[in-house]
There are 4 protein chains.
Amino acid sequence: MALDSPAKAPNSRRTILDAAAACFARQGFAQTSIDDIARAIGATKGKIYHHFRSKGELLSAVRKSSILLTSAQVEPVFLANQAPRARFHSMAMAHVRAMIEQLPYHRVVIENLRKGDIGPSTPHERALMQEIRTLQRGYEDLFRTVITQGMQNGAFHSQPVSVALHSVLMLLNAPVFWYHPRQGETAADRVAIARQIADMALAALTPRAEPKDPLP
Amino acid sequence: MALDSPAKAPNSRRTILDAAAACFARQGFAQTSIDDIARAIGATKGKIYHHFRSKGELLSAVRKSSILLTSAQVEPVFLANQAPRARFHSMAMAHVRAMIEQLPYHRVVIENLRKGDIGPSTPHERALMQEIRTLQRGYEDLFRTVITQGMQNGAFHSQPVSVALHSVLMLLNAPVFWYHPRQGETAADRVAIARQIADMALAALTPRAEPKDPLP
Amino acid sequence: MALDSPAKAPNSRRTILDAAAACFARQGFAQTSIDDIARAIGATKGKIYHHFRSKGELLSAVRKSSILLTSAQVEPVFLANQAPRARFHSMAMAHVRAMIEQLPYHRVVIENLRKGDIGPSTPHERALMQEIRTLQRGYEDLFRTVITQGMQNGAFHSQPVSVALHSVLMLLNAPVFWYHPRQGETAADRVAIARQIADMALAALTPRAEPKDPLP
Amino acid sequence: MALDSPAKAPNSRRTILDAAAACFARQGFAQTSIDDIARAIGATKGKIYHHFRSKGELLSAVRKSSILLTSAQVEPVFLANQAPRARFHSMAMAHVRAMIEQLPYHRVVIENLRKGDIGPSTPHERALMQEIRTLQRGYEDLFRTVITQGMQNGAFHSQPVSVALHSVLMLLNAPVFWYHPRQGETAADRVAIARQIADMALAALTPRAEPKDPLP
DNA sequence: TATGAATGAGTTTTCATTCAT
DNA sequence: CATGAATGAAAACTCATTCAT
């Protein structure tokens, strides 16, 4: 008979990771010391170094988690069989909801987007970075696919895909910079925000009729 | 006859600031040491500390410059007498062009958006932060004004202004994350990018006819 | 059977403190770098910062030690049941002996008496200062008590207590400025010095018969 | 005919010196920067370096001033023809009054008594130190003379002169550590303090009848 | 696993001092 | 005389990381 808790072990990594994400999100990566994280979980540095080889690996792990968490919510929607506009809209909503529901993880990622372009010295860290870049690329490709399809299809305005993709993704990421849960906020409130942003993203890709006021 | 400049303006400050913006943009604020900046202009740390009291003040100065530079390009457009859609579109283009034309300054700002929310301990630094917040608020209000007007006017889709504003601004800021001048790029190329993004931003605010494929 | 000591007491702290007291006493607080202290014990700055948060805390710890060491020698004498003059005299001797027997600690304190009146910025350092002030106050009160009693009693000349107290204490502290152990000095020599000073202190408080040469 | 003020020039040095004394007294020598002093008189570093070669020279000048100011008040009293007890008492009062009437200068000196034992590297500074030591020695000799005389004379208790001298001088210097002018304090108040301390100093040197309570 | 001690390299900051104007 | 810019050397502190236990 088990003495106490059911699945005892694997908690540590996740506990540390949550604390790291929270600290990085609150104070920024550089402003967070390993001791800060340790203190946040009532442990010592040593414990963290048992589970992660370096501070950089901690950041990598948070980034990876962020992508996996988002993918987990967006990919099923991507796979559902929908027309481009509906498909994009559902993906956008799922993405925004992921952003605001696991805010710390995603904030860390967005605020360190270009980190690691230079830096990681050890082969191990370079490998991690590479893996993350691959995951990131794969995730973006979900949106790239839908957008490309929609453009071919006529559902979306035809334009350079890369610019459109990055612009729209940043629009969907924006809540990371300003969102913060209000007192007494409900799930419905969050859905409303997600819908508003997804609507805008969709509109941004929509074919324009004709410029009623002539634009210069 | 001299046009305007104070002639003997010691451009030391500006030289340092440019170097700081470049370094911060390339390596990130935390990864840049004061020595890096000094080395970049062939001077010593001491020179920098003679003109700026601290690394944080350097960041503040870059932020302030960024806002002023952008304002200088966008405000005249704001003041021109145009209908909401045209007005917003011109402002958006001006904003994007500012982003990519003084990339380092703006990249620093966007990548450190939430820096200084906590931290600045000295009264002097707090005052600087306050001033920057005021400038920032003022700048955002240009867009807030146009958007609000457009909504009342029917030119824009009616929706919560704050979310719309922040979303659209982040869309306009997005180039900061991915843009980098290509070999042989012309001014026209940059205008094209700015136009594409401004078009999307305008579309994001545009009233939607009717959802042809029903959205969930 | 072990008498008392906590056996495994990591005397790192005490080692560092002794070295700090010695350096501060020799060169002065401001003229001593943390590296000086580290070098004195064959360690690195890091070790010191592992045990003490700042140079100021090091000074505070020395001050505290000084007061505790002195108290440990003077308080038992205070508690013994003696008439005011004898009591004061024994306390004075104990005080002077403490001064010259742990010279470095006390020299540091006396030479930095007013340090920290302004300065300590962190709450932690302010708390330390407060604690020290309390200890200091408590220690002075031993003498204040005896002096007050003696004045009421007629054993001492009646006069403003505060001025008398501070004057006499500084007289007892004076060796800190000039004493330095001579070649071949014995414990008896030190007792002689202590007795001479204690005698003077006692005389300073003694009721004056009549001014034989009229004082202006 | 002079344009404006009578003796125009020599003010600068004294102005600077006063400011230096005030700053050193308030914050301590090491905690005071040349800029602090410059700011205190609304000038710049350069001005100070025109009048004093170094920070150390500034300290030396303050020390010298302190001794000269005190001498100026005590020496005339010393030269007056009085019996040892009266002579000592008058000198002591003059000394204490000097202490509290030019507090900053004397505080600086007492708090830096052992400064310069090591340190001054330039020949010029060493010469200054030597001069100060000579002045200091000369000043102390006034008291040494009176005390020695009194001991031979029977007016004072016979005891090792050096210890007695240093002890009594520190007693007379003590106000430097605690005195601070009260609201509405009069000259008479200051005289009262001086008299109380001088009385104690005199008593400290007075021959003791017999220990009524036997001292251990 | 986890802890606490220790390290060492780096970073920000301070400041006395010099110098051209 | 006085200023403002610039320097260079030192100093306090930080912190990721290692290691013995």
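This tour visits the surroundings of DNA strand E and then the interface of chain A and chain B in a predicted model.

Residues are numbered from 1 along each chain as its sequence is written, and chains are lettered from A and ligands numbered from 1 in the order in which they are written. Local features need pLDDT of at least 70, side-chain atom pairs count only at pLDDT 80 or more, totals for chains, interfaces and linings use all residues, and side-chain values use heavy atoms, with hydrogens and water left out.

**DNA strand E**

Select DNA strand E and the 26 residues that surround it, each with a heavy atom within 4 Å of the strand. The closest are A:His50, C:His51, D:Ile34, D:Lys45 and D:Tyr49. Of the strand's atoms that come within 4 Å of the protein, 60% belong to sugar and phosphate.

Next, display D:Tyr49, where a side-chain N or O atom is 2.9 Å from a phosphate oxygen of the strand. At B:Thr32, a backbone N or O atom lies 3.2 Å from a phosphate oxygen of DNA strand E; for D:Thr32 the corresponding distance is 3.4 Å.

**Chain A and chain B**

Now select the 39 residues of chain A in contact (heavy atoms within 4.5 Å) with 41 residues of chain B. The two chains bury about 3600 Å² between them, 64% of it on carbon and sulfur atoms; this is the accessible area (1.4 Å probe) lost on being put together, summed over both parts. Highlight A:Arg114, A:Phe177 and A:Met200, which lose the most area to chain B on the chain A side, together 18% of what that side buries.

Conventions. A polar contact is a pair of N or O atoms within 3.5 Å; within protein, one must be able to donate a hydrogen and the other to accept it, and residues adjacent in sequence count only if both atoms are side-chain atoms.
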